[in-house]
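Please examine the model below before reading on. The account that follows considers salt bridges, pockets and one residue in its surroundings.

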Amino acid sequence: MCGRYAASRRPEDLAGIFEIEKWEPEETLAPDYNVAPTKEVYAVLDRPLKDTDDPRPVRQLRTLKWGLVPSWSKTPEGGARMINARAETVHEKPSYRRAFTSRRCILPADGYYEWVTGTQERELEVEGKKKRPRKQPYFVTPADGSVFAMAGLYEFWRDKTLPDDHPQAWWVTCSVITTEAETSPLAVGPAEGPRALADIHPRMPLMLTPDRWDAWLDPSRTDADDLRALLAAPPAGLMRAYPVTTAVSNVRNNGPELLKELEGPEEGTLF
């Protein structure tokens, strides 16, 4: 799954990476090293500009709320639960299938966090000596330092309790697509601990390599079977994972120190 990630790149940098044609400086977000559900996040999408007669899709950098609210929802309350869409079923689930064929995006990140319950902690839990085992967070990121381009979906939702001209009348929300975690060895693994992403968690965000970006964002591609081919896992061996401070477990903590690599799991969370 993806329940927390880091996104610190500036919009100017993202504009160059993704060949952005349009972005609004007033929508600039501060670097976020602990992105949690319901936060505003950057999304790359291809869509015609509003208030123009030009139907040409334009590559845009937009700010969306993480947690998808389907257009047919009566309230936005379920959005916080719809942060992930499974690649295996995204084409058929009522909440995602329309967005899958017409509203796809890329959610740029530095990488994502995932938590592992250490062996010693699990043993204490089994023995009944500990009800809430301490978990060690790991940060998963491209080994070459490139952007982690997560496949995503976005949706529009109209708040009918507000007038048309109200700034919050329309919500634009998004979800991260996840897939089965890689079982092949990490490009760079920790000195001790998990050797593959599947050792950390059975699922992971679907990372799109640059050769798939244009096809994924192209709104003219609407055939579900054609699009499902783009959901294939990226080549193995592109990722690294390393332990980080348990401070990241508190959403109130936010700063580059959260990405600092530890020499090993923190005490009491040995893998």
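Does Asp13 count as buried, partly exposed or exposed? The relative accessibility of Asp13 is 31%, so Asp13 counts as partly exposed. The model is a predicted one. Within this model, the side chain of Asp13 forms a salt bridge with that of Arg10, at 3.3 Å from N to O.

Other salt bridges can be read in the same manner. The count comes to 14 salt bridges. One of them joins the side chains of Asp214 and Arg59, with an N to O distance of 2.9 Å. This pair links distant parts of the chain, since Asp214 belongs to helix H5 (residues 213-217) and Arg59 to strand S5, 155 residues apart. Asp214 has a relative accessibility of 48% and is therefore partly exposed. Arg59 has a relative accessible area of 9%, which means that Arg59 is buried.

A further salt bridge connects the side chains of Arg158 and Asp164 at 2.4 Å, N to O. Arg158 counts as buried, because its relative accessibility of 18% falls under the 20% limit. Asp164, by contrast, is exposed, because its relative accessible area of 67% is over 50%. In addition, a network of salt bridges links Glu21, Asp54 and Arg56.

Attention now turns to empty space. Rolling a probe the size of a water molecule over the atoms reveals where such space remains. The largest pocket holds about 770 Å³. Its lining consists of 25 residues, and those closest to the centre are Glu27, Lys50, Arg62, Thr63 and Val172. At least two lining residues come from each of strands S2 (22-23), S4 (40-47), S5 (58-66) and S11 (170-180). Strand S5 gives the most to this lining, namely six residues. By class, the lining of the largest pocket comprises eleven nonpolar, four polar and ten charged residues.

The second largest pocket contains about 200 Å³ of space. Of its 16 lining residues, Ala7, Leu29, Ala30, Asp32 and Tyr42 lie nearest the centre. Strands S1 (5-7), S3 (32-35), S4 and S7 (104-109) each supply at least two residues to this lining, and the largest share, three residues, is that of S4. The lining of the second largest pocket divides into eleven nonpolar, one polar and four charged residues.

Finally, Thr245 is found in the segment after strand S13 (239-243). With a relative accessible area of 19%, Thr245 falls under the 20% limit and is therefore buried. Leaving aside residues up to four places away in sequence, Thr245 touches Pro137, Glu257, Leu258, Leu262 and Glu266.

Note on methods. Residues numbered from 1 in each chain as written. Predicted model: local features only at pLDDT ≥ 70, side-chain atom pairs only at ≥ 80, totals over all residues. Heavy atoms only, no water. Helix = DSSP H or I, 4+ residues; strand = E, 2+ residues; numbered from the N terminus. Buried < 20%, exposed > 50% of the residue type's maximum accessible area, 1.4 Å probe, protein only. Contact = heavy atoms within 4.5 Å. 1 Å grid on protein atoms, 1.4 Å probe; cavity = no way out; pocket = protein on both sides within 12 Å on 5 of 7 lines; lining within 4 Å. Points joined across faces, edges and corners; volume = space filled by probe spheres on them. Nonpolar A, V, L, I, M, F, W, Y, C, P; charged D, E, K, R; others polar. Salt bridge = Lys/Arg side-chain N within 4 Å of Asp/Glu carboxyl O.
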